[in-house]
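Me: I'm new to reading protein models and I'd like a close look at a single part of this one. Please set the scene with the whole chain, then take me into one strand and what surrounds it.

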Amino acid sequence: MKNKPESVIDYKKYPSPRMRHHTAPNLYLPVITTAFDPVYYPPTPKSLDWSCVYGNGKPPAALDIGCGRGMFLLEYALNNPNENILGIELRKHASDWLQTIITGEKIQNAAVLWYSIVNGLSFIASESIESVFYFFPDPWVKKRHLKRRAFTVKFLEEIHRVLRTGGILYLMTDVSEVHEYQLETLDEYGGFDFKTSVGSWSLPKTDQEKFCLLKNIPYVRTIGKKWKNNNEV
């Protein structure tokens, strides 16, 4: 990963539509668990033709899960022009708006997919990803909403599968309960050597991270390095 200064995009050229923070509840659940044909549910592709997605025709090397409005994704792509990054976003308005910027700025190594991550990553080849970013997820702190959390052992199984050995899962949250939950889930799965990150890392800052810094809101970073398998360091 190259440590370059963050590039600047004039976002005023791309008026942002009004977006709700959340979307329909059924979109947070796997499509196979629904008892009816979901309305407005994102497609669940089994494969993707990367030659139609990126300018260089290669698959992604980084994933930004829950990329939101995509400021981190865009800056990462611009700072690392030789590395393809794929953003995954559940809210269609957000993914559509982000795609407008990618097209308008002619960013050849960035792409966004309207998709619900709870359906897995079957369109990503095993051992093909260097970095996975999962930043400031919705906390879903109410007991009845816990089932909407995407961060599960099954989620980690998929992340572990697509990451190359030694690949990194980056986590960041400003909710202490979520941090503890993630550590417990990582420990339960056992496929990552993880630790709370101290100091800075050479990554662009997300909107929420900038907000936390502005408002002096504490947040926690965790990095998890993929082991070869769940029993071998």
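Reply: Let's start with charge: the protein has 29 positive and 25 negative charges, and their mean positions are 4 Å apart. Here Lys and Arg count as positive and Asp and Glu as negative, with His and the chain ends not counted, and each charge is placed at NZ of Lys, CZ of Arg, CG of Asp or CD of Glu.

A quick word on ground rules. This is a predicted model, where local features need pLDDT of at least 70 and side-chain atom pairs count only at pLDDT 80 or more, while totals for chains, interfaces and linings use all residues. Residues are numbered from 1 along each chain as its sequence is written, and side-chain values use heavy atoms, with hydrogens and water left out.

Now the whole chain. You'll find five helices and seven strands (DSSP runs numbered from the N terminus: H or I with at least four residues for helices, E with at least two for strands). Along the sequence they come in the order β-α-β-α-β-β-α-β-α-β-α-β. The C-alpha trace spans about 45 × 45 × 40 Å along its principal axes. A compact globule of 233 residues would have a radius of gyration near 17 Å, and this protein's 17 Å agrees with that (the radius is taken over C-alpha atoms, and the globule rule is 2.2 Å times the number of residues to the power 0.38).

How much of the protein is buried? Buried residues make up 46% of the 233 (buried means under 20% relative accessible area, exposed over 50%, and partly exposed in between, using a 1.4 Å probe and protein chains only). Of the contacts with a separation of 6 or more, 79% are between residues 24 or more positions apart (a contact means heavy atoms within 4.5 Å).

Right, here's the close look: strand 5, residues 163-173. Eight of its eleven residues are buried, so the strand is largely enclosed by the rest of the structure. Part of its company is strand 4 (residues 129-135), which runs parallel to strand 5 and is joined to it by six bridges (strands pair if DSSP finds at least two bridges between them). In one of those pairings, phenylalanine 135 has methionine 172 of strand 5 as its bridge partner.

Let's stay with methionine 172, since it belongs to strand 5. Is it buried or exposed? Its relative accessibility is 0%, so methionine 172 counts as buried. Skipping neighbours within four places in sequence, methionine 172 has contacts that include Tyr134, Phe135, Phe136, Pro137, Trp201 and Arg221. Proline 137 makes a nice example of folding back: it is 35 residues from methionine 172 along the chain, yet their C-alpha atoms are separated by 8.3 Å.

Proline 137 turns up again when you move on to helix 4 (residues 176-189), where glutamine 182 sits. Once neighbours within four places are set aside, glutamine 182 is in contact with Tyr134, Pro137, Phe151, Leu171 and Thr173. Despite being a glutamine, this residue counts as buried, because its relative accessibility is 2%.

To put strand 5 in context, compare some other covered pieces. Strand 1 (62-65) and strand 2 (85-89) run parallel, joined by four bridges. Alanine 62 is the bridge partner of isoleucine 85, while leucine 63 stands opposite leucine 86. Strand 1 is covered on both faces: Ala62 and Asp64 on one side, Leu63 and Ile65 on the other, are all buried. Strand 2 has five of its five residues buried; Ile85, Gly87 and Glu89 point one way, and Leu86 and Ile88 the other way.

Helix 1 (residues 71-79) has eight of its nine residues buried, so it too is largely enclosed by the rest of the structure. Those buried residues pack against several elements, including strand 1, strand 2 and strand 4.

For contrast, step outside to two loops. Lysine 106, in the loop between helix 2 (92-104) and strand 3 (110-114), is exposed, with a relative accessible area of 64%. Asparagine 216, between helix 5 (207-215) and strand 7 (220-226), is exposed at 69%. Most residues other than glycine have a negative phi. Lysine 106, though, has a positive phi of about 55°, and asparagine 216 has one near 60°.
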